[in-house]
Amino acid sequence: MAYIVGVDGGNTKTDYFLFDTDGNFIDFYRGGTCSHEGLKDGFNGSYTVMRKVFDSFLAKNNLTPHDIAASAFGLAGVDTPYQKQKLEEVVNQLGFKNFCVVNDSFLGIKAGTSEGIGVCSINGTGTSSGGIDEYGNYLQVGGIGAIVGDEAGGHHISRQVVRACFDEAYRFGPKTSLSPIVFNTLGVKDKYYLMENISDYYLTRKVDYTTLTIACFDEANKGDEVAINILKKTADNLARSAGGVVVNLKFKEPVEVILAGSVWVKGSSPIMVNEFTRLINAYTKHKCDVKVLSVPPATGAVIWALELYNNAFPDINMRNKIVKQVEEQLDNIK
């Protein structure tokens, strides 16, 4: 029996899957981040975290990395050729041989498209866009910060919510139903203390910014124009990055565009998805078939590992088999 490993490593958690090459689930583990950007000792930290996991995860199945026929690592922080090289060195040091290391934005393509070809927009804690065309070309747009247009993701939206409240209070901004939510979240009773509490609580992450992100969607649903504009502006930034992938690779139409990440998947308002869809078609002048990923991105890592093993993208029956088992395991830990 041959085995494959699929890893989805985000900025907050990492999912590790062990399957056999017949598409049967063997084992699963969820751990903390393995991102070099989120660990104090960088790439060495990535090695240490994953080494500890695999030493127990594979050992309990009487396996070592040398026994794994193929593996795929979709990791946050694989944003430049240097980072990719360093993380490939990490995976090689772990003992894996037949593997790929890619940005986690590429996993949605393997998980959500019909042929493993298309574009994925990540909108989760952070943001990036990736694409794979039919000629095997890869492209990532964004992933290193606002300097390259990464003005999306849950943390970004929450900052815009706080900014809207501050603008209303002090900078001639429009009235918004977001303001009392910000006051309540930051424990502000008098606007005189608003900037102090932003500094003391929000900027030091003593409050859960997810509350403010969710509030933006909820208030947009109620018709608050400021909240609606935040979502539309975020959609514009996302469409520009994903659209940049579309026009810089070579795709047949319609281009399959997958939306993945907690903000895309869990956002309660359709405004952002609808605006993104309108804009990416307008910017690229290509027909883009946009859909929200309905399966965990980790599915893409398992499918990709099997593709490496067989040197062919798995057929729909095999993909459906893998999807069902991944969903069952992740449902067990929610």
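Which residues are exposed on the other side of H1? In this predicted model, the exposed residues there are Asn-44 and Lys-52. The paragraphs below start from this helix and then turn to other parts of the chain.

Helix H1 covers residues 42-57. Its 16 residues should span 22 Å at 1.5 Å a residue. The end C-alpha atoms of H1 are 22 Å apart, so the expected span and the model agree. The buried residues of H1 are Gly-42, Phe-43, Gly-45, Ser-46, Met-50, Val-53, Phe-54 and Phe-57. Viewed down the helix axis, these buried residues fall within an arc of 155°, so they line one face of H1. Asn-44 and Lys-52 are exposed on the other side. Several elements take part in covering the buried residues of H1. Among them are four strands: E1 (3-9), E2 (13-20), E3 (25-32) and E4 (68-75). Helix H2 (81-94) is also included in the cover.

H1 also holds a salt bridge. The side chains of Asp-55 and Arg-51 meet there, with an N to O distance of 3.1 Å. The two residues are 4 apart in helix H1, so about one helical turn separates them. Asp-55 has a relative accessible area of 44%, so this residue is partly exposed.

Helix H4 (154-170) follows strand E8 (138-141), with a loop between them. The 17 residues of H4 should span 24 Å at 1.5 Å a residue. Its end C-alpha atoms are 24 Å apart, which agrees. How many of the 17 residues of H4 are buried? The count is 12, so the helix is largely enclosed by the rest of the structure. The buried residues include Gly-154, His-155, His-156, Ile-157 and Ser-158. Val-161, Val-162, Ala-164, Cys-165, Phe-166, Asp-167 and Ala-169 are buried too. They pack against other helices, including H5 (178-186), H6 (194-202) and H7 (209-221). H8 and helix H9 (262-266) also pack against the buried residues of H4.

Tyr-170 is placed in helix H4. Its relative accessibility is 39%, so Tyr-170 counts as partly exposed. Neighbours within four places in sequence aside, Tyr-170 is in contact with Lys-191 and Tyr-192. Tyr-170 and Leu-194 are 24 residues apart along the chain, and their C-alpha atoms are separated by 9.9 Å. Just after H4, Phe-172 takes a positive phi of about 60°.

The loop between strand E8 and helix H4 contains Ile-144. Is this residue buried or exposed? Ile-144 counts as exposed, because its relative accessibility is 51% and the cut-off for exposed is over 50%. Ile-144, Ile-147 and Val-148 form a nonpolar patch on the surface. Together these three residues have about 320 Å² of accessible area.

Asn-237 lies in helix H8, which runs over residues 225-248. At 10% relative accessibility, Asn-237 counts as buried. Outside its neighbours within four places in sequence, Asn-237 is in contact with Gly-149 and Glu-151.

Salt bridges were searched for over the whole structure, and 13 were found. Side chains of opposite charge can pair when their charged atoms come close. In helix H2, Lys-86 and Glu-89 are 3 residues apart, so they are separated by about one helical turn. Their side chains meet in a salt bridge of 3.5 Å, N to O. Lys-86 is partly exposed at 23% relative accessibility. Glu-89 is partly exposed at 31%.

Another salt bridge joins Arg-278 and Glu-275, with the closest N and O atoms 2.9 Å apart. These residues belong to helix H10 (residues 271-284). They are 3 residues apart in that helix, so about one helical turn lies between them. Are the two partners buried or partly exposed? Arg-278 is partly exposed, with a relative accessible area of 49%. Glu-275 is buried, with a relative accessible area of 14%. Elsewhere, salt bridges that share partners join Arg-163, Asp-167 and Arg-171 into one network.

How values were computed
Residues are numbered from 1 along each chain as its sequence is written. This is a predicted model: local features need pLDDT of at least 70, side-chain atom pairs count only at pLDDT 80 or more; totals for chains, interfaces and linings use all residues. Side-chain values use heavy atoms; hydrogens and water are left out. The expected span of a helix is 1.5 Å times one less than its number of residues. Buried means under 20% relative accessible area, exposed over 50%, partly exposed in between (1.4 Å probe, protein chains only). The arc is that of the directions from the helix axis to the C-beta atoms. Contact means heavy atoms within 4.5 Å. Patches are made of residues with over 30% relative accessible area and no salt bridge: like charges are joined within 9 Å, nonpolar side chains (Val, Leu, Ile, Met, Phe, Trp, Tyr) within 5 Å. Accessible areas come from the Shrake-Rupley method with a 1.4 Å probe; for residues, only the protein chains shown count as cover. A salt bridge is a side-chain nitrogen of Lys or Arg within 4 Å of a carboxyl oxygen of Asp or Glu.
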